[in-house]
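Visitor: Hi, could you walk me through this one? I'd like to start with the sheet and then poke around inside.

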Amino acid sequence: RGKRDQLVALGLHASSRVLDVGCGTGQLAEALGPVLGPEGCYVGTDVAAEAIEFCRRRFAARPNFRFVRNAQAAIP
């Protein structure tokens with residue numbers, strides 16, 4: 001909720017678009033649920049396939065919330 005409050009203070013509103021890199025089990029998605037309206041968009045990414053599947057099930061009723069598995073970046 002602290003992150004959500006910071007984002008709202010920075011201008012997050014019902015029609016905002018949010019990209020959450022490293023979304024895990026959707027803590028930020030849960031907190032943003034009451035803020036983002038149907039015209040808003042949330043996309044969560046994570047390297048853990050289990051976390052992405054969990055979030056897809058958990059937020060299935062929110063068509064404007066999407067979850068995508070991303071590859072782990074390699075730093076030389």
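Guide: Sure. Keep in mind that this is a predicted model.

Visitor: Okay, the sheet then. What's the strand order, and is the pairing parallel or antiparallel?

Guide: The order is β1-β2-β3 in an open sheet of three strands, and the pairing is parallel.

Visitor: Which strands stand at the edges?

Guide: β1, residues 17–21, and β3 do. Each has a single partner strand, so one side of each has no neighbour in the sheet. From one strand to the next, the twist averages 15 degrees.

Visitor: How many bridges hold β2 and β3 in register?

Guide: Five bridges, in the parallel sense, with β2 covering residues 41–46. If you want a spot to look at, Gly-44 stands opposite Phe-67 in β3.

Visitor: And which strands does α3 lie across?

Guide: β2 and β3, and α3 runs at about 165 degrees to β3.

Visitor: Let's go inside. How many residues are in the largest nonpolar core?

Guide: It has 13 residues. Leu-32, Leu-36, Tyr-42, Phe-65 and Phe-67 are those with the most contacts inside the core. In general, nonpolar side chains of soluble globular proteins tend to be buried together.

Visitor: Which elements give two or more residues to that core?

Guide: α2 (27–32), α3 (49–58) and β3 (65–69). The largest share is three residues, and it comes from α2.

Visitor: Phe-67 has come up twice now. What is Phe-67 in contact with, leaving aside neighbours within four places in sequence?

Guide: Cys-23, Ala-29, Tyr-42, Gly-44, Ile-52, Cys-55, Arg-56 and Phe-59. So Gly-44, the residue opposite Phe-67 in the sheet, is on the contact list too.

Visitor: Lots of rings about. How many aromatic pairs are there?

Guide: Four by the rule used here. Take Phe-59 and Phe-65: their ring centres are 6.0 Å apart and the planes are at 25 degrees, so that pair is stacked. Phe-59 also makes a stacked pair with Phe-67, at 5.5 Å centre to centre and 25 degrees between the planes.

Visitor: Is Phe-59 buried or exposed?

Guide: Buried, with a relative accessible area of 8%. Phe-65 is buried as well, at 6%, and Phe-67 is also buried.

Visitor: Which residues do the ring pairs link into a cluster?

Guide: Tyr-42, Phe-59, Phe-65 and Phe-67.

Visitor: Switching to charges. How many salt bridges are there?

Guide: Three by the rule used here. One of them joins Arg-58 to Glu-30, with the closest N and O atoms 3.2 Å apart. That pair links distant parts of the chain, since Arg-58 is in helix α3 and Glu-30 is in helix α2, 28 residues apart.

Visitor: Are those two buried or partly exposed?

Guide: Arg-58 counts as partly exposed, at 38% relative accessibility. Glu-30 is partly exposed too, at 42%.

Visitor: What about Arg-56 and Glu-53, how far apart are they in helix α3?

Guide: Three residues, about one turn of the helix. Their side chains meet in a salt bridge at 2.9 Å, N to O. Arg-56 is partly exposed at 40%, and Glu-53 is partly exposed at 37%.

Visitor: And which side chain does Arg-4 meet in a salt bridge?

Guide: Asp-5, at 3.3 Å, N to O. Arg-4 is buried, with a relative accessible area of 17%, whereas Asp-5 is partly exposed at 44%.

Terms used
Residues numbered from 1 in each chain as written. Predicted model: local features only at pLDDT ≥ 70, side-chain atom pairs only at ≥ 80, totals over all residues. Heavy atoms only, no water. Core = buried A, V, L, I, M, F, W, Y, C linked by side-chain atoms within 4.5 Å. Buried < 20%, exposed > 50% of the residue type's maximum accessible area, 1.4 Å probe, protein only. Helix = DSSP H or I, 4+ residues; strand = E, 2+ residues; numbered from the N terminus. Contact = heavy atoms within 4.5 Å. Salt bridge = Lys/Arg side-chain N within 4 Å of Asp/Glu carboxyl O. Pairing = 2+ DSSP bridges. Axes fitted to C-alpha atoms, helices over the stretch in contact; angles between N-to-C directions. Phe/Tyr/Trp six-rings, centres within 6.5 Å; stacked < 30°, edge-to-face > 60°.
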